[in-house]
Amino acid sequence: MGLIRAAFDSAKTTLADQWIEYYYCDSLSNDVLIQKGQKVVTSGSNTKASPNIITNGSGFAVNEGQALLIVEDGKIIEFSTEPGRFTWDSSSEPSLFDNGWQGLKDSFKIFGKRFTMGGTPGKDQRVYFVNLKEIIDNKFGSATPMPYHDPVYRNIYIRYFGQYTFRIQDPIRFYSNLSGNVKDAYTKAQLMEQCDAEFVNALDSALAKCGDEGYQFSDLPKKQMEIAAYMNDALDASWSERRGMVVEVVAIQKVTPDDESRKRIETIDDAIMMGDQRVAAGRLAQAQATAMENAASNEAGAMNGFIGMGFAQQAGGMNASAMFQNMQPQENNPLFQNQHPQASASGWTCSCGTQNTGNFCSNCGKPNPNGPWTCTCGAKNNGNFCSNCGKKRPE
């Protein structure tokens, strides 16, 4: 027995004229994963027939985002993942419409069963429609702070929450290992309590791998594709192989460190910031300015206040003035190069007043008085005297 694709350009007649019985399923909602197909009563249908017997010549309509399973006595005997209209022929071999999904054919060999004889009374034949769309709005979160090895802050503890989506990739495995011969529908609520627990456990492993890859904890919300790939690796045995499900998207909406980790992060950030010489000098100048204000208003007298300030300065071993003097010039500091571009070292002003960068004036053609020159002895020089014979640069 098998499915035969119905012609789309058939004569303009009603379904009742074409098929004895007709099975159809409206669009499956996000909460329904498998729905048992119901016969649509049409003109000429056998309304007294058993609801679990498929009459030869019956028709099926498969919508986009659905898979069709035909089950006999609890075993899958036919399926289709292609949208369209099909006719049931009890005299044909299984057609196994799968739209190129070779894995479904392999699953059919494991879980399915082929029949070459037509359905007879006493058999239980059912039609199921499986939701192949992306199942959204699955929330997750960590009940307690979880350890994370951050490349900058080392071992910290974080809380996270978000949403993920999954999809039924292999409806045969999903039916055989999860839903089975349901009376009406198999919903997401029957599945998610177990899957959510497995998901969070696998997510911990995926986040640990993110730490190994060098992702900072604050970058995790931007690594959705990488985390989804890690999740499918972690859930391969329990979800993909056994249930035919795959994780599509993992959206981590927020990652927050616990109180102790936050203190550690702030301490490290301050240390990193103060490692910049200009920031450290500015911070010291601010502290010294505050100390001067406090010394000036000292209750024991300004003199005593400034004496105490001097002792504190000597204990610190450095003051803001010394730090600024030892600091790299602002125009050479990489932090300020974009704000104050350095003037070209080869620029010079000719006696005619023209600004130049080359060896000759672009206005009058005079040579650069500070440029390289060749002595009469043949030596090339840049200074005012020849490095070979000591002669002075010619005027």
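These are my notebook entries on a predicted model of one protein chain.

**Overall make-up**

I began with the whole chain. I found 10 helices and 18 strands in the chain. Of its 395 residues, 39% count as buried. I then looked at contacts with a separation of 6 or more, and residues 24 or more positions apart account for 66% of them.

**Helices α4 and α6**

I looked up how helix α4, residues 189–212, sits against helix α6, residues 236–243. The two pack at an angle of about 135°, and their axes are 11 Å apart. That angle makes α4 oblique to α6. On the α4 side I noted Gln 194, Cys 195, Glu 198 and Phe 199 in the contact. On the α6 side I noted Ser 238, Trp 239 and Arg 243. Sorted by character, the residues of this contact are three nonpolar, two polar and two charged.

**Asp 150 and Arg 154**

Next I turned to Asp 150, which lies in strand β11, residues 146–150. Which side chain of opposite charge is nearest to Asp 150? I found that this is Arg 154, 7.9 Å away. Asp 150 is buried and has no salt bridge. The reason is one of distance, because a salt bridge needs a side-chain nitrogen of Lys or Arg within 4 Å of a carboxyl oxygen of Asp or Glu. Leaving out residues up to four places away in sequence, I listed Ile 156, Tyr 215, Gln 216 and Phe 217 as the residues that Asp 150 touches.

I then checked Arg 154 itself, which is in strand β12, residues 154–168. Arg 154 is not a glycine, yet its phi is positive, at about 65°. With a relative accessible area of 47%, Arg 154 is partly exposed.

**Asp 73**

I made a note of Asp 73 for its backbone as well. Its phi is near 50°, a positive value in a residue other than glycine. Asp 73 sits in the loop between β6 (66–72) and β7 (75–80). I recorded a relative accessible area of 44% for Asp 73, which is partly exposed.

**Salt bridges**

How many salt bridges are there? I counted six, and I wrote up three pairs, as follows.

- Lys 139 pairs with Asp 137, with the closest N and O atoms 2.8 Å apart. Lys 139 is exposed at a relative accessible area of 54%, while Asp 137 is partly exposed at 42%.
- Asp 170 pairs with Arg 173, with the closest N and O atoms 3.3 Å apart. Asp 170 and Arg 173 are both buried.
- Lys 222 pairs with Asp 219 at 3.2 Å, N to O. Lys 222 is exposed, with a relative accessible area of 63%, and Asp 219 counts as partly exposed at 23%.

**Lys 366**

Last I looked up Lys 366. Where does Lys 366 lie? I placed Lys 366 in the loop between β16 (355–356) and β17 (373–374). Its relative accessible area is 41%, so Lys 366 is partly exposed. I compared its position with that of Cys 350: the two are 16 residues apart in sequence and 7.5 Å apart in space, C-alpha to C-alpha. Cys 350 also appears among the contacts of Lys 366 once neighbours within four places in sequence are left aside. The other residues I noted in that list are Trp 348, Ser 351, Asn 359, Phe 360 and Cys 361.

Key: Residues are numbered from 1 along each chain as its sequence is written. This is a predicted model: local features need pLDDT of at least 70, side-chain atom pairs count only at pLDDT 80 or more; totals for chains, interfaces and linings use all residues. Side-chain values use heavy atoms; hydrogens and water are left out. Axes are lines fitted to C-alpha atoms, for helices over the stretch in contact, and angles run from 0 to 180 degrees between N-to-C directions. Helices (H or I, at least four residues) and strands (E, at least two) are DSSP runs, numbered from the N terminus. Angles under 35 degrees count as roughly parallel, over 145 as roughly antiparallel, 65 to 115 as roughly perpendicular and the rest as oblique. Contact means heavy atoms within 4.5 Å. Ala, Val, Leu, Ile, Met, Phe, Trp, Tyr, Cys and Pro count as nonpolar, Asp, Glu, Lys and Arg as charged, and the others, Gly among them, as polar. Buried means under 20% relative accessible area, exposed over 50%, partly exposed in between (1.4 Å probe, protein chains only). Lys and Arg count as positive and Asp and Glu as negative; His and the chain ends are not counted.
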